[in-house]
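Here is a short, friendly tour of two pockets and one strand with its neighbours. Keep the viewer open as you read.

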Amino acid sequence: MPRRVSWEGVFPAVTTQFNDDLSLNIDATAKVMDGLIRDGVSGLIVCGSVGENTSLERKEKVAIMETAKSVAAGRVPVLCGIAEFTTAFAVETAKEAARVGIDGVMVMPALVYSSKPHETAAHFRAVASATDLPVMLYNNPPIYKNDVTPDILASLADVETVVCFKDSSGDTRRFIDTRNMVGDRFVLFAGLDDVIVESVAMGAVGWVSGMSNAFPREGETLFRLAKAGRLAEAMPIYEWFMPLLHLDARPDLVQCIKLCEHIMGRGTALTRPPRLALLPQEKAEVEAMMAKALKNRPHLPDVGLKAA
């Protein structure tokens with residue numbers, strides 16, 4: 001039987017921090033995690049796209065999982081991303097997550113190979129069937145080229161460990177299509193920053209957020225206002241946040257998010273190749289966005305946000 005899970009709210013896709021020589025800086029990564037929890041986020045996702053999963057060795061992924069479990073110390077749930085080239089490798093990573101004691105896994109389609117729909121479903125089924133951890137399926141067709149459609153998701157309704165669906169397609173209609181097919185079978189999470197309010201309106205109860213790494217209190221407040229239907233209070237924050245939220249939809253989202261995080265004193269901008277630093281003009285544009293955002297940082301209404 002799958003473990004019980006109750007996920008909702010903002011789960012930043014935590015960045016992985018590196019030393020100047022690009023070796024893993026586990027202490028700095030732990031500091032980032034703790035800072036997010038202290039600022040009131042609802043959960044953490046490590047080794048996701050923003051965490052540069054595909055640039056990490058297996059032993060580094062395990063070290064990050066172990067660190068996240070230790071830092072969270074039960075204050076918030078922790079999920080680990082699984083992004084591997086083969087189904088067998090993905091199963092091995094899921095087993096490592098269970099051994100470490102992570103609260104759940106976020107499984108991406110098999111990377112590199114552009115699979116057919118039944119192959120995508122088979123990959124998810126195999127990984128989810130090999131663990132008793134709760135599984136979040138992750139759809140991000142612009143980045144990973146494999147589209148996890150509502151049809152594919154519905155075909156996995158019989159897999160007990162598959163409990164959640166994170167959609168980063170930007171097509172919020174899919175939340176409704178999914179419910180029309182399988183009702184409330186899956187917990188629905190938004191995965192693209194710049195459609196978060198629309199996603200909540202369509203039934204998303206959680207948000208895997210990139211830019212909340214830099215602005216965790218703003219992200220959690222925006223989400224809770226949208227969830228409570230307090231749109232008159234949410235919209236000024238959303239409009240202020242939107243230029244930065246658009247960065248989450250770029251191919252170089254990791255570099256952009258890490259630069260914003262660095263400006264906020266929460267981490268460094270270093271990324272591992274093949275991700276290279278932003279070009280000077282791009283860096284200046286993001287810095288200008290941040291300067292404008294910080295100059296006009298909005299007042300946050302009370303949403304019961306408490307630091308853990």
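In this predicted model, the largest pocket holds about 250 Å³ of space. Its lining counts 19 residues, and those closest to the pocket centre are Y138, N140, L192, D248 and L253. Two elements each supply at least two residues of this lining: helix α5 (141–144) and strand β8 (206–209). Helix α5 gives the most, with 3 residues. Sorted by class, the lining of the largest pocket has 10 nonpolar, 6 polar and 3 charged residues.

The second largest pocket comes next, with about 210 Å³ of space. It is lined by 14 residues, of which T54, I143, Y144, P251 and R275 are the closest to its centre. Here the elements that give two or more residues are α5 and α11 (253–263). Helix α11 brings the largest share, 3 residues. The classes in this lining are 7 nonpolar, 5 polar and 2 charged.

For easy reference, here are both pockets in one table.

| Pocket | Volume | Lining residues | Lining by class |
|---|---|---|---|
| Largest pocket | About 250 Å³ | 19 residues | 10 nonpolar, 6 polar, 3 charged residues |
| Second largest pocket | About 210 Å³ | 14 residues | 7 nonpolar, 5 polar, 2 charged residues |

Helix α5 is worth a second look, for it is named among the contributors to the lining of the largest pocket and also among those of the second largest pocket.

Now let us turn to strand β6. Why can strand β6 (residues 162–167) be called largely enclosed by the rest of the structure? The reason is burial: 6 of the 6 residues of β6 are buried, so the strand is largely enclosed by its surroundings in the structure. Buried here stands for under 20% relative accessible area.

Strand β6 pairs with β5 (residues 135–139) through 5 bridges, and the two run parallel. In this pairing, Y138 stands opposite K166 in β6. You have met Y138 already, as one of the residues closest to the centre of the largest pocket.

Strand β6 also pairs with β7 (residues 187–190), again in parallel, through 4 bridges. There, D167 stands opposite A190 in β7. To get from β6 to β7, the chain passes through helix α7 (residues 173–182), and this β-α-β crossover is right-handed.

As you follow these strands in the viewer, keep one general point in mind. In a regular strand, side chains alternate between the two faces of the sheet.

Definitions and conventions:
Residues numbered from 1 in each chain as written. Predicted model: local features only at pLDDT ≥ 70, side-chain atom pairs only at ≥ 80, totals over all residues. Heavy atoms only, no water. 1 Å grid on protein atoms, 1.4 Å probe; cavity = no way out; pocket = protein on both sides within 12 Å on 5 of 7 lines; lining within 4 Å. Points joined across faces, edges and corners; volume = space filled by probe spheres on them. Nonpolar A, V, L, I, M, F, W, Y, C, P; charged D, E, K, R; others polar. Buried < 20%, exposed > 50% of the residue type's maximum accessible area, 1.4 Å probe, protein only. Pairing = 2+ DSSP bridges. Right-handed = clockwise from strand over helix to strand, strands pointing away.
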